[in-house]
Amino acid sequence: MSRASIFDLLHQRQAVSEPQEEPTAARCDYAGDRLRLIDGLALTAAGFIRGGEIPEAPAPELSSTLYGSDGYRLLVHRVVDTISVGEPRLARCEAKAYRLHQLVQTVVTEALMLLEALPEDSPFDVLLSAPIRSPEAAAIIQERLRSAIAETQYGACLGELRLAEKGEDPHATLAVGEQGGMPYVLWIGVDSLVNADDVAATQYRDMLVQSSRGGGLYPGEAVAVLLVQRLTAQELEFDSGWRLDAGMLREHPPRAGRRDHDKRRALLALLGDLWPASEDDASSPAPSRLVVDTVGMPGRAVELGGAIVARWPDIDAVDDGLSVDTLGGWSGEATRVLPFVLAVAATEPEEHALVLSLHAEGHTRGWALRSYAADAARLSEDHS
């Protein structure tokens, strides 16, 4: 479906003639350790990622503007199919912010189509994870995004639209303060490292390839959108989506200084805590999909493969696994959202998934995605 036809659908869809309930007011009593993941999509150098559509991993291309420490051009993953946005004031304000705005505007209509999965007139918030330094640039991007939503049938349902706090934990990112929040959230993560400043930045120096023959990850860019439901303590059962409980964090000495055996053993222990073994395989089946942020950094593939084989001998870390960095390099802030989008897109409704963050030298994070549909089917069988 073309972007034009999607935009027409958003404008032309007829409202149901029956009286509609008023949008739910913002509330503060959401559970801090549970979220429901409903759907998602992303645009990377590989193309669009969405339910059942996982593109082939692309080869990086030589940049026309970025050069490594050896004077040769660097390989990068750049998103090619973006729309044109006329915002000269934003370009003057912050060059990178202009590119982020362009990426967000490219997917905004597709992102709004995710809301078709919700009950009619469901209120929602929009949280934007984006590294924008200029307050003026941030205000422009948010206002343009709000305006784009206001032009559609979903404009009246929009609650808060703001920049999200930094951090790797989605539960903390989507938490609400005293002002409360809407039950549904479109969480948008966007970033582009295809620029000289980010390639040379201290925070990426040990991750990104710095020369034509160097090791590490290729600079990339992406925009990812995840449709999430905040849950109260009373909301326990659903027929679709995935339950995302609080993740687990394990701090450890730098990976570069540890033996492979020690790294595999530590990761295996984390997997055991995330996905406890059960004598009843039906009540605790193995995840069908493994999603990691990177296998391209030194030692990560060996660490992951060894731990997965030890925990689940029947799972192939290559055939059943997906790595964000292979689909578009390293894309900074967007990598906070991308693994969850990839997990939702690659997993069948009644399958479970596991998401691991392995990029950091001194810590590892993991999250379990449990299928509500699988739980509902199991409960139905138990009662029959």
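In what follows, Ala, Val, Leu, Ile, Met, Phe, Trp, Tyr, Cys and Pro count as nonpolar, Asp, Glu, Lys and Arg as charged, and the others, Gly among them, as polar. The model is predicted, and for that reason local features need pLDDT of at least 70 and side-chain atom pairs count only at pLDDT 80 or more, whereas totals for chains, interfaces and linings use all residues. Residues are numbered from 1 along each chain as its sequence is written, and side-chain values use heavy atoms, with hydrogens and water left out.

The description begins with the open space. A pocket is an open set of points, on a 1 Å grid over the protein atoms alone, with protein on both sides within 12 Å along at least five of seven lines; a cavity is a set of points where a 1.4 Å probe fits but cannot get out, and lining residues have an atom within 4 Å of a point. Grid points are joined across faces, edges and corners, and a volume is the space filled by probe spheres set on the points. The largest pocket has a volume of about 730 Å³. Its lining consists of 32 residues, and those nearest the centre are Gln203, Tyr204, Gly332, Glu333 and Arg336. By class, this lining comprises 15 nonpolar, seven polar and ten charged residues.

Helices (H or I, at least four residues) and strands (E, at least two) are DSSP runs, numbered from the N terminus. At least two residues of the pocket lining come from each of β5, α9 (338-346) and β13 (353-357). The largest share, three residues, belongs to β13.

Two helices, α3 and α4, may be taken next. The expected span of a helix is 1.5 Å times one less than its number of residues. For the 19 residues of α3 this gives 27 Å, and the end C-alpha atoms are 29 Å apart, which agrees. There is nevertheless a kink of about 45° in α3, centred on valine 107; the bend at a residue is the angle between axes fitted to the seven residues ending there and the seven starting there. A residue is buried under 20% relative accessible area, exposed over 50% and partly exposed in between (1.4 Å probe, protein chains only). In α3, 16 of the 19 residues are buried, so that the helix is mostly covered.

Helix α4 (residues 135-150) has 16 residues, for which 22 Å is expected, and its end C-alpha atoms are 22 Å apart, in agreement. Which residues of α4 are buried? They are Ala137, Ala138, Ile140, Ile141, Gln142, Leu145, Ala148 and Ile149. An α-helix has 3.6 residues a turn, so residues three or four places apart point the same way. The cover over the buried residues of α4 includes α2 (88-93), α3 (95-113), β5 (124-129), β6 (158-163) and β7 (184-192).

The enclosed spaces follow. The structure holds two cavities of 30 Å³ or more. The largest cavity contains about 60 Å³ of space, and among the residues that line it are Thr44, Ile49, Glu221, Leu338 and Leu342. Two or more residues of this lining come from each of β8 (221-232) and α9. The lining of the largest cavity has six nonpolar, four polar and one charged residues.

The second largest cavity holds about 30 Å³. It is lined by Val108, Ala111, Leu112, Val126, Leu145, Ile149, Leu186 and Ile188. The elements α3, α4 and β7 each give two or more residues to this lining, and the largest share, three residues, is that of α3. In the lining of the second largest cavity there are eight nonpolar, no polar and no charged residues.

Finally, three loop residues deserve attention. Aspartate 121 is in the loop between α3 and β5. Its phi is near 60°, a positive value in a residue other than glycine, and aspartate 121 counts as partly exposed because its relative accessibility is 29%.

Proline 131 stands in the loop between β5 and α4 and counts as buried, because its relative accessibility is 18%. Contact means heavy atoms within 4.5 Å. Neighbours within four places in sequence aside, proline 131 is in contact with Glu94, Lys96, Leu100, Val190, Asp191 and Glu333.

Tryptophan 312 lies in the loop between α8 (300-311) and β12 (321-323). Is tryptophan 312 buried or exposed? At 7% relative accessibility, tryptophan 312 counts as buried. Its C-alpha atom is 7.4 Å from that of alanine 286, although the two residues are 26 apart in sequence.
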